[in-house]
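Colleague: I should be grateful for a close look at one part of this model, followed by an account of its setting in the rest of the chain. Please explain each term when it is first needed.

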Amino acid sequence: QKLDGSDAQDHFEALSGIALSKDDRDCLVIHAPHISDQPIVTNDLVELTTPVTFRWLGRVDNIINTGGIKVIPEKIEASIEMIFDDLTIPRRFFVTALPDPILGQSVTLILEGDALPYPIEELLQKKLMELTDRYERPKLIHYIPEFVNTETGKINKVKTIALLQV
């Protein structure tokens, strides 16, 4: 996949000699006979665009089941990233599921730092209404002063969520 420049792509393309398919979960299956006799089954949700190209949608193990509707947090995060860029909100964030007594799981936005000022949070809510469907829209926004990071500098979501005072 070409990530930037005038020829940036929104899809991945398999190398020569590799075939792609999906399993019953809509996850990528890689057929690479020169590497493995068995297909390589991933947990990556994909949309096959051709027999050798796909768009990555997210991870099956991150799916949020809210009231029986399955939503992909990575898709929601992409919309939120555009909103943050538009509103110039320089914050780290992620979308996760928190337990909900009625829906089972509730789509939740976790932001690093103090609460956003009222007019900015109101604009954020308005933009979320415009750019996400009702099932994808975060029902809750929680703020955590500082996220916990992994050794490689990525957000440790499990440990960060454990800091929530819910």
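Modeller: What follows begins with the chain as a whole, turns to the open sheet and then moves on to the cores and some loop residues.

The model is predicted, so that local features need pLDDT of at least 70 and side-chain atom pairs count only at pLDDT 80 or more, whereas totals for chains, interfaces and linings use all residues. Residues are numbered from 1 along each chain as its sequence is written, and side-chain values use heavy atoms, with hydrogens and water left out.

The chain has 3 helices and 10 strands. Here helices are DSSP runs of H or I with at least four residues and strands are runs of E with at least two, both numbered from the N terminus. Read from that end, the order of elements is β-β-β-β-β-β-β-α-β-β-α-β-α. Along the principal axes, the C-alpha atoms fill a box of roughly 55 × 40 × 35 Å.

Now to the sheet itself. It is open and is formed by 5 strands in the order β1-β5-β4-β3-β2, with antiparallel pairing. Two strands are said to pair if DSSP finds at least two bridges between them. In general, strands of a sheet pair through backbone hydrogen bonds, in either a parallel or an antiparallel sense. At the edges stand β1 (12-13) and β2 (19-22), each of which pairs on one side only.

From the β2 edge inwards, β2 and β3 are joined by 4 bridges in the antiparallel sense, and S21 stands opposite V29 in β3. These two strands form a hairpin with 4 residues between them. D26 belongs to that turn and has a positive phi of about 70 degrees. Most residues other than glycine have a negative phi. D26 counts as partly exposed because its relative accessibility is 39%; buried means under 20% relative accessible area, exposed over 50% and partly exposed in between, with a 1.4 Å probe and protein chains only.

The next pairing joins β3 (residues 27-31) to β4 through 3 bridges, again antiparallel, and places C27 opposite L45 in β4. Beyond it, β4 (residues 40-50) and β5 (residues 53-59) run antiparallel and share 6 bridges. Within this pair, V46 stands opposite W56 and T50 stands opposite T53. The two strands form a hairpin with 2 residues between them.

The cores come next. A nonpolar core is a set of buried Ala, Val, Leu, Ile, Met, Phe, Trp, Tyr and Cys residues joined through side-chain atoms within 4.5 Å. The largest one has 17 residues, and those with the most contacts inside it are I80, F84, V95, L109, L111 and L124. Two or more residues each come from α1 (73-87), β8 (93-100), β9 (104-112) and α2 (118-131). Of these, α1 gives the largest share, 5 residues. Apart from this core lies another of 7 residues, among them L20, L28, A32 and F54. L20 falls within β2 (19-22), L28 within β3 (residues 27-31) and F54 within β5 (residues 53-59).

Returning to the largest core, L111 has a long list of partners. Leaving aside residues up to four places away in sequence, L111 touches F84, R91, R92, F93, L116, I141, H142, Y143, I144 and F147. Contact means heavy atoms within 4.5 Å.

Two further loop residues complete the view. T88, in the loop between α1 and β8, also has a positive phi, near 50 degrees. Its relative accessibility is 64%, and T88 therefore counts as exposed. E146 occupies the loop between β10 (140-144) and α3 (157-161), and it counts as exposed because its relative accessibility is 59%. Beyond four places in sequence, E146 touches E112 and L163. Its C-alpha atom is separated by 34 Å from that of F12, 134 residues away along the chain.

Finally, for the whole chain, 34% of the 166 residues count as buried. Among contacts between residues at least 6 apart in sequence, 44% join residues at least 24 apart.
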